[in-house]
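Trainee: Before we look at anything, can you walk me through how the labels on a model like this get assigned? I'd like to see each value set against its cut-off.

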Amino acid sequence: MWLALLGGLALAQDAQPEINAQLYRPPVAATRTLWANDSQTGDDRRFTGQIWTHLAHDPLVYVVEGNRIAMLRDVWQTDLVGGYTRGPVRVGLDVPLVFIASGEPGSNAGLGDITADVKLRLRDGSEGGAGLALAARAPLPTSTVDGLGSRGAAFEVEGIADGEIGSTLLVANLGLRWVPQQTLEVFDWGPALHTRLGLGHEITDGVGVSAELAGQWALTDPTARGALPVEALIGGWSRVSERVSLRGGLGWAVTRGVGAPQLRGIVGMTWRPGGRSEGGSATPPPDPPAAPAATDAPDPPAPAGATP
């Protein structure tokens, strides 16, 4: 047993995985969900800004001959996210800052993988019917933190569908995440299918709750232990002004795959330059000022000497 434990510790110190076990991706333009992407792209020719802070406990754990080795025990990360919309296209950039990444190898901090993001709206569902969109992400290998960055080219593509029933928005994502293949202790890490299901219910104007399910299935070793991480997430939002909204939620692992933490906490703030409410509906313009009421003009004075 001690030899197995020492061997696992040697693995943790000398063969740290070159993977990104941070599966959570803050959405650039979603208004009612914390993870799932909806089909909306935001207001035309407008910038948006977001800041997300999230904590994850035990996102990457090995079990070697019954011995538990936490490669990543606690991760505290903040994402600075910006987006710009032009017509049906929204482009975005996600800059992750890792303040704490602790585990058996020790503690670390630094920069994560900076990610470029683009979405193309195919059908606008805000006026009724289903909304459809395509999205793509390209993480750049900029990470300086072990276990939170891929060492090579990676990309994600996904299809997005959503629809509104009353005050509830239903969202579904299905896509492919391609990352360099690497053999871990538990399975072969590599390309995977990912899916997200979510709903956001607006309780009152600018206030609502959400529930989501997100997971991925490794294509390189689909039957291995750890190849199917699934996570549940509940949250909510509240608009504190016309331009600023606060958001937050809690998540937990449904299955203990690589990247699904025992517990996740998320807090975010979204800034929008007006024109669209956090619930996703357009903010109506103010009514034009009413025209002054017409009055009857007085009769002109009669000429002198005229008989009335």
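Mentor: Let's start with a definition: a salt bridge is a side-chain nitrogen of Lys or Arg within 4 Å of a carboxyl oxygen of Asp or Glu. Keep in mind that this is a predicted model.

Trainee: Okay, so what makes Glu 104 and Arg 73 a salt bridge?

Mentor: Their closest N and O atoms are 3.5 Å apart, and the cut-off is within 4 Å, so the pair counts. The pair links distant parts of the chain: Glu 104 sits in the loop between β3 and β4 (106-111), Arg 73 in strand β2, and they are 31 residues apart.

Trainee: Why are Glu 104 and Arg 73 called partly exposed?

Mentor: Partly exposed is the range between the buried limit, under 20%, and the exposed limit, over 50%. Glu 104 has a relative accessible area of 30%, so it is partly exposed. Arg 73 has 30% too, so the label is partly exposed there as well.

Trainee: What about Asp 146 and Arg 151, how do you know that their side chains meet in a salt bridge?

Mentor: The N to O distance is 3.8 Å, and the definition asks for within 4 Å, so they pass. Asp 146 at 33% relative accessibility counts as partly exposed, and so does Arg 151 at 35%.

Trainee: And Glu 158 with Arg 196, what makes that a salt bridge?

Mentor: The N to O distance there is 2.8 Å, so the within 4 Å condition is met. Glu 158 lies in strand β7 and Arg 196 in strand β11, so the pair ties together parts that are 38 residues apart in sequence.

Trainee: Are those two buried or exposed?

Mentor: Buried. The label needs under 20% relative accessible area; Glu 158 has 7% and Arg 196 has 4%, so both get it. A search of the whole structure finds 13 salt bridges. There's also a network of them linking Arg 25, Arg 90, Asp 94, Asp 117, Arg 137, Glu 156 and Arg 177.

Trainee: How do you know that β7 and β8 pair?

Mentor: Two strands pair if DSSP finds at least two bridges between them. Strand β7 (residues 155-165) and strand β8 (residues 168-178) have 11 bridges, in the antiparallel sense, so they qualify. As an example, Glu 158 stands opposite Gly 175 in β8. Their hairpin has 2 residues between the strands, and Gly 166 takes a positive phi near 65 degrees there. On the other pairing, β8 and strand β11 (residues 192-204) are antiparallel over 10 bridges, with Leu 170 opposite Leu 199 in β11.

Trainee: Speaking of positive phi, why are Arg 45 and Asp 58 worth flagging?

Mentor: Most residues other than glycine have a negative phi. Arg 45 isn't a glycine, yet its phi is positive at about 55 degrees. Asp 58, also a residue other than glycine, has a positive phi near 60 degrees. Arg 45 is in the loop between α1 (2-14) and β1 (47-64), while Asp 58 is found in strand β1.

Trainee: Why is Arg 45 called exposed and Asp 58 buried?

Mentor: Exposed needs over 50%, and Arg 45 is at 52% relative accessibility, so it counts. Asp 58 has a relative accessible area of 2%, and buried means under 20%, so that label follows.

Trainee: What makes Leu 120 eligible for the nonpolar patch?

Mentor: A patch residue needs over 30% relative accessible area. Leu 120, in strand β5, has 35%, so it clears that cut-off and counts as partly exposed. Val 89, Val 91, Val 118, Leu 120, Leu 122, Leu 132 and Leu 134 form the patch, with about 520 Å² of accessible area together. β3 (89-103), β5 (115-123) and β6 (131-139) each give two or more residues, and β5 gives the most, with 3.

Trainee: How do you know that those strands pair?

Mentor: The minimum is at least two bridges. β3 and β5 run antiparallel with 6 bridges, and β5 and β6 run antiparallel with 8, so both pairings stand. In β5, Asp 117 is the bridge partner of Gly 92.

Methods
Residues are numbered from 1 along each chain as its sequence is written. This is a predicted model: local features need pLDDT of at least 70, side-chain atom pairs count only at pLDDT 80 or more; totals for chains, interfaces and linings use all residues. Side-chain values use heavy atoms; hydrogens and water are left out. Helices (H or I, at least four residues) and strands (E, at least two) are DSSP runs, numbered from the N terminus. Buried means under 20% relative accessible area, exposed over 50%, partly exposed in between (1.4 Å probe, protein chains only). Patches are made of residues with over 30% relative accessible area and no salt bridge: like charges are joined within 9 Å, nonpolar side chains (Val, Leu, Ile, Met, Phe, Trp, Tyr) within 5 Å. Accessible areas come from the Shrake-Rupley method with a 1.4 Å probe; for residues, only the protein chains shown count as cover.
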